[in-house]
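Q: Please examine closely a single strand of this model and the strands beside it. A connected account of pairing, turns and burial is requested, followed by the state of the cysteines.

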Amino acid sequence: MKKITKVLLLAGLVSFTSCDQLDDFLGGEDEGGEEEAKRVVLKNHSETPAFFKMAPEFSNVQVYSLLSSGDELPESPDFVYGSMADGAGLIKEADGTFTLINNIEADYSVARIKFDESFMPVKGDHILNAKATANTAQCSGSLITPEEHGFGPIYLSGGEWGGSSKGVFATDPYKSASSASVAAMLPAFGQWSTENAVVIGKDAFPGKTVAFIGDDDSDNEVPQGQLGMYVGNQGDLNNGKLYTLKVMTEGITYEMDMVEGETYEAEFIEMEEREIDLLNAEAMAKGSMGFSRLEDIDWRRGVAGNQREVYMAVTGRKRDALVGKGTLYGRIYKVVLSEDDPTKATITCVLDGDKLDGIAKAFHSPDNIVVTKNYAYIQEDPNGYPDTPDKTHFAQLYQYNLNTGELKTVLECDQEAAASNGIGSIDRNWEITGMIDVSKTIGVEDSFIMITQNHGWEPADGSAFTDPLANSDANSRKEGSQMFLVKGLPN
């Protein structure tokens with residue numbers, strides 16, 4: 001695919017950093033030194049600029065445009081960064097290069113993108129294609145690593161909508177692209193409308209692997225998205241037990257019975273079924289808590305005790321029958337597991353977008369979340385009902401302080417500026433997604449990968465931003481995606 005015409009960056013948007021400015025920032029060039037030559041250099045690599053409005057308090061944060069659907073990679077010019085890029089995981093290789101595994105949601109595939117030592121994307125291919133996933137969308141993803149989990153690397157992705165492969169996919173990041181049509185799933189994790197599956201840290205429950213599964217069920221009458229939990233021996237993803245969360249405090253039937261800031265007793269109850277309809281029926285019959293579209297999940301880093309602190313984004317669904325039952329505008333929950341038994345827990349709604357005079361009154365469908373030692377960064381996918389002034393905005397990124405409870409807006413997609421430069425339109429909201437903390441991996445403090453799904457951005461020639469090796473269907477979503485490196489957000 002030919003490169004798109006390079007567009008100019010408007011005044012007021014995130015500015016590019018010149019080589020001279022970058023050298024000044026890094027303290028100048030080192031005339032010798034092999035290690036200096038291999039350092040990560042933060043710069044724009046994409047022909048498509050970053051279109052964001054930064055909140056004044058975060059004006060020091062820098063956003064670098066790494067890759068977009070309109071770019072060509074030097075070592076794989078035919079690779080297309082496809083439609084609705086989503087969850088991701090990053091690995092640093094022994095030779096100083098990097099491997100990014102990235103879900104391409106609407107192409108029903110998982111891509112692998114190679115970065116050189118300077119963190120420039122140079123090559124792309126696919127390790128799962130639409131044939132492997134039976135045309136099932138691969139939504140959020142997570143990486144299992146020996147450092148954090150005691151085994152791996154294994155990449156987990158959730159099969160949510162579209163095709164028949166609902167559940168959790170487990171993929172070797174180094175599998176051959178020639179085997180992209182072959183997938184491995186984890187039946188023991190159960191079938192759900194799976195948004196994500198996340199294994200918490202190895203020190204949370206030594207000798208055990210504990211994973212959480214988000215069920216993005218979108219029932220219009222009764223919220224039925226479950227929080228699943230898998231528990232097995234360390235490194236065993238196939239022979240453990242499956243549970244769902246049940247709130248045990250008397251009087252709590254629906255998620256909206258839980259009040260922001262109040263903590264409730266909960267337990268994880270064992271499930272016998274694994275098939276999607278039977279599993280859902282069993283969970284509801286046993287009184288499991290149903291959430292209105294449970295989306296992304298992550299766990300708190302830092303010390304061993306923090307690893308038992310799990311956060312989840314419930315995006316919400318606005319339907320009359322759900323009022324008083326499921327969230328309409330979205331919520332963030334914290335689940336804290338007992339030190340001695342992962343089936344015992346508490347749950348707290350820490351941010352409630354339905355509380356229109358509350359701290360999260362601007363929430364318009366929080367969809368993705370990444371949790372560090374001190375913060376949660378919450379990403380929006382606006383569902384299209386901006387019916388209060390506070391919710392009338394494009395997709396925003398929020399910073400939630402886990403220690404103080406303070407919520408701040410970091411940035412907002414600037415779709416007006418993007419549309420004026422031929423990148424999408426203002427009548428289809430973009431989604432911010434796929435955010436992961438890469439500070440340790442690339443050796444640059446306070447650094448994150450972040451992705452946007454640029455709904456409405458399609459090639460001017462009428463073709464599609466879809467790689468035929470990922471999805472050969474001519475009726476693909478066509479629209480493009482962008483990937484960024486965000487520098488300056490504390491973790």
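A: In this predicted model, Ile101 stands opposite Arg112, a residue of strand β5. That contact belongs to the pairing of strand β4 (residues 98-104) with β5, in which the two strands run antiparallel and are joined by seven bridges. The link between β4 and β5 is a hairpin with four residues between the strands, and Tyr108 in this hairpin adopts a positive phi near 55 degrees.

Strand β5 also pairs with strand β6 (residues 121-128), again in the antiparallel sense, over six bridges. Within this pairing, Ala111 has His126 of β6 as its bridge partner. A hairpin connects β5 and β6 as well, with five residues between them; in its turn, Phe119 has a positive phi of about 75 degrees.

Burial completes the description of the strand. Of the seven residues of β5 (residues 109-115), six are buried, so the strand is largely enclosed by the rest of the structure. In general, the side chains of a regular strand alternate between the two faces of the sheet.

As to the cysteines, the number of disulfides is zero, with a pair of sulfur atoms required to lie within 2.5 Å. Cys139 takes part in no disulfide: the nearest cysteine sulfur belongs to Cys413 and is 18 Å away. Cys139 is nevertheless buried, at a relative accessible area of 0%. Cys349 is likewise buried, with a relative accessible area of 0%.

Terms used:
Residues are numbered from 1 along each chain as its sequence is written. This is a predicted model: local features need pLDDT of at least 70, side-chain atom pairs count only at pLDDT 80 or more; totals for chains, interfaces and linings use all residues. Side-chain values use heavy atoms; hydrogens and water are left out. Buried means under 20% relative accessible area, exposed over 50%, partly exposed in between (1.4 Å probe, protein chains only). Two strands pair if DSSP finds at least two bridges between them.
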